[in-house]
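Biologist: I would like to learn how to read a structure, one feature at a time. Could we start with a helix and what lies around it?

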Amino acid sequence: MMYLILLIVFIILSVFNLFYVYNRLGKFYVIRKITEGSRVKKLLVKLPPVIAMAVWCVIKPIHGLIAVVHLLIFWLLAELLFLIIRKITKKEFKLYWQGVLALVVTAAYLGSGWYFAHHVYETDYAISTEKALPGGNLRVLVIADSHVGSTFDGDGFAKHMEKAQETEPDIMFVVGDFVDDDTTREDMVKCCAALGKMKTTYGVYYVFGNHDRGYFNSRDFSADDMVAELEKNGVNVLTDESVLVGNSFYVIGRKDRSFKERASMAELTGGLDKSKYMIVLDHQPHDFTAQEQSSVDLVFCGHTHGGQMWPIGITGEVSGANDKTYGLETRSNTTYIVTSGISDWAIPYKTAAIAEYVVVDIKGQDGGEE
């Protein structure tokens with residue numbers, strides 16, 4: 001519902017912007033010189049770029065709407081800025097700097113957003129616990145929201161995994177939205193194979209995200225096909241179950257919140273040895289209170305894409321859709337880490353966060369087992 005409301009708002013703003021841009025184009029010095037006051041010439045010069053923007057919004061709705069709405073916002077801000085400057089300086093400008101500034105800022109803003117969505121960084125965290133861990137330390141590699149087919153294909157995913165392997169993780173977690181509706185079977189197979197090549201001490205673990213099962217039944221593979229391919233490559237798929245790893249710590253994998261039925265945190269942790277370190281994989285950051293009450297030690301989430309673009313992150317928290325948008329937070333004895341993910345869904349820009357994989361070094365007591 002939240003995304004539907006945002007889409008409607010974007011469409012309304014985009015229509016308004018087309019009229020706004022058409023009106024403002026006539027203020028540019030070059031266009032004024034070309035048209036020389038002729039209405040016909042103005043129409044012939046001003047209409048094509050407006051039509052081009054409209055066509056872009058129809059052919060590539062997400063790309064077009066985002067670009068057009070941001071252009072409108074920055075143009076209005078530029079108008080306000082120069083209005084203030086004129087009031088203060090009592091000076092009129094011969095050139096239409098407002099429009100120039102709006103175009104430059106929009107290009108720079110969305111250009112940087114494109115870059116940060118398509119370049120994956122490593123984000124490191126260091127935390128500690130009084131509980132025992134194998135050898136006293138555990139290095140965890142976490143990825144989420146690859147949405148394969150959005151900013152990279154199967155080969156691109158494999159290259160990112162080769163880079164992530166250099167961190168030498170003890171264990172790896174894939175926290176949902178591994179694939180998407182646009183993912184092809186070929187790319188899905190390549191990605192599962194890439195996970196199968198990861199060298200870790202304790203293996204790779206996966207939980208479902210809300211996109212992994214597909215929304216429109218348009219893919220050439222099913223969720224069961226994906227699970228079979230993951231398991232063929234040695235990936236442990238967890239659906240509301242826990243695993244004791246190395247006789248030292250638990251990995252608790254939850255069904256995504258989008259499932260009609262899923263076990264509660266109380267049910268998942270009820271029979272576990274609370275003296276052991278407990279790690280929860282839960283795609284959506286939406287159950288922090290129950291996780292804190294269950295006394296789990298560490299929770300990994302994705303889903304939010306780090307807020308992706310303002311005001312998506314704020315909207316998600318204010319509406320109650322998400323307990324947190326990005327980063328690390330500790331409540332009582334439970335630490336939460338929400339990753340912005342290594343890719344994006346639909347929106348190919350990231351201006352509120354970077355694309356990342358996460359490496360967490362956990363310092364604990366020496367558990368004696370490696």
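Modeller: The model is predicted. Take helix H5: helix H4 (61-89) and E12 are among the elements that cover its buried residues.

Biologist: Which residues of H5 are buried?

Modeller: They are Gln98, Gly99, Ala102, Thr106, Leu110, Gly113 and Ala117. Those residues cover an arc of only 95° around the axis, and therefore lie on the same side of H5.

Biologist: What does the face turned away from the buried side of H5 carry?

Modeller: That face carries the exposed residues Val104, Ala107 and Ala108.

Biologist: What span should the 22 residues of helix H5 have, and how far apart are its end C-alpha atoms?

Modeller: Use a rise of 1.5 Å a residue: H5 (residues 97-118) should then span 32 Å, and its end C-alpha atoms are 31 Å apart, which agrees.

Biologist: I would like to repeat the exercise on another helix. What span is expected for helix H7?

Modeller: With twelve residues (185-196) at 1.5 Å a residue, H7 should span 16 Å, and the end C-alpha atoms are 16 Å apart, so the two values agree. The buried residues of H7 are Asp187, Met188, Cys191, Cys192, Ala194 and Leu195. They cover an arc of only 155° around the axis, which puts them on the same side of H7.

Biologist: What do the buried residues of H7 pack against?

Modeller: Their partners are helix H6 (154-165), strand E3 (171-175), strand E4 (204-207), helix H8 (223-232) and strand E5 (235-237).

Biologist: Some of those are strands. In what order do the strands of that sheet stand?

Modeller: To read a sheet, list the strands by their place in it. Here six strands form an open sheet in the order E1-E12-E2-E3-E4-E5, with mixed pairing. Strand E1 (120-133) and E5 are at the edges; each has a single partner strand, so one side of each has no neighbour in the sheet. On average, neighbouring strands of this sheet are turned by 25° against each other, direction ignored.

Biologist: How many bridges join strand E2 to strand E12?

Modeller: Six bridges join E2 (residues 137-143) to E12 (residues 355-366), and the two strands run antiparallel. One pair to look for is Val140 with its bridge partner Val360 in E12.

Biologist: Which strands does H6 lie across?

Modeller: H6 lies across E1, E2, E3 and E12, and runs at about 165° to E2. H8 also packs on the sheet, where it touches E4 and E5; its direction makes about 135° with that of E5.

Biologist: Let us turn to the other sheet. What is the order of its strands?

Modeller: This open sheet of six strands has the order E6-E7-E8-E9-E11-E10, and its pairing is mixed. Strand E6 (241-245) and strand E10 (327-331) are the edge strands, each pairing on one side only. From one strand to the next, the twist averages 20°.

Biologist: Are E6 and strand E7 parallel or antiparallel?

Modeller: E6 and E7 (residues 249-253) pair in the antiparallel sense over five bridges. Leu244 has Tyr250 in E7 as its bridge partner. The hairpin of E6 and E7 has three residues between the strands, and in it Gly246 takes a positive phi near 60°.

Biologist: Which sense of pairing do strand E9 and strand E11 show?

Modeller: Strand E9 (residues 298-301) and strand E11 (residues 334-338) pair in the parallel sense, over four bridges. Leu298 stands opposite Thr335 in E11.

Biologist: How do I read a single residue in a loop? Take Thr325, between helix H11 (312-318) and E10. Is Thr325 buried or exposed?

Modeller: Compare the relative accessible area with the cut-off for buried, which is under 20%. Thr325 has a relative accessible area of 9%, so Thr325 is buried.

Biologist: Which polar contact does the side chain of Thr325 make with another side chain?

Modeller: The partner is the side chain of Glu317, at 2.6 Å. In addition, a polar atom of the Thr325 side chain lies 3.3 Å from the backbone oxygen of Gly313. Beyond its neighbours within four places in sequence, Thr325 is in contact with residues including Thr304, Gly306, Gly307 and Val338.

Biologist: Finally, how many helices and strands are in the chain?

Modeller: The chain has eleven helices and twelve strands. Of its 370 residues, 49% are buried.

Definitions and conventions. Residues numbered from 1 in each chain as written. Predicted model: local features only at pLDDT ≥ 70, side-chain atom pairs only at ≥ 80, totals over all residues. Heavy atoms only, no water. Pairing = 2+ DSSP bridges. Axes fitted to C-alpha atoms, helices over the stretch in contact; angles between N-to-C directions. Expected span 1.5 Å × (residues − 1). Buried < 20%, exposed > 50% of the residue type's maximum accessible area, 1.4 Å probe, protein only. Arc of directions from axis to C-beta. Contact = heavy atoms within 4.5 Å. Polar contact = N/O pair within 3.5 Å; in protein donor to acceptor, adjacent residues only side chain to side chain.
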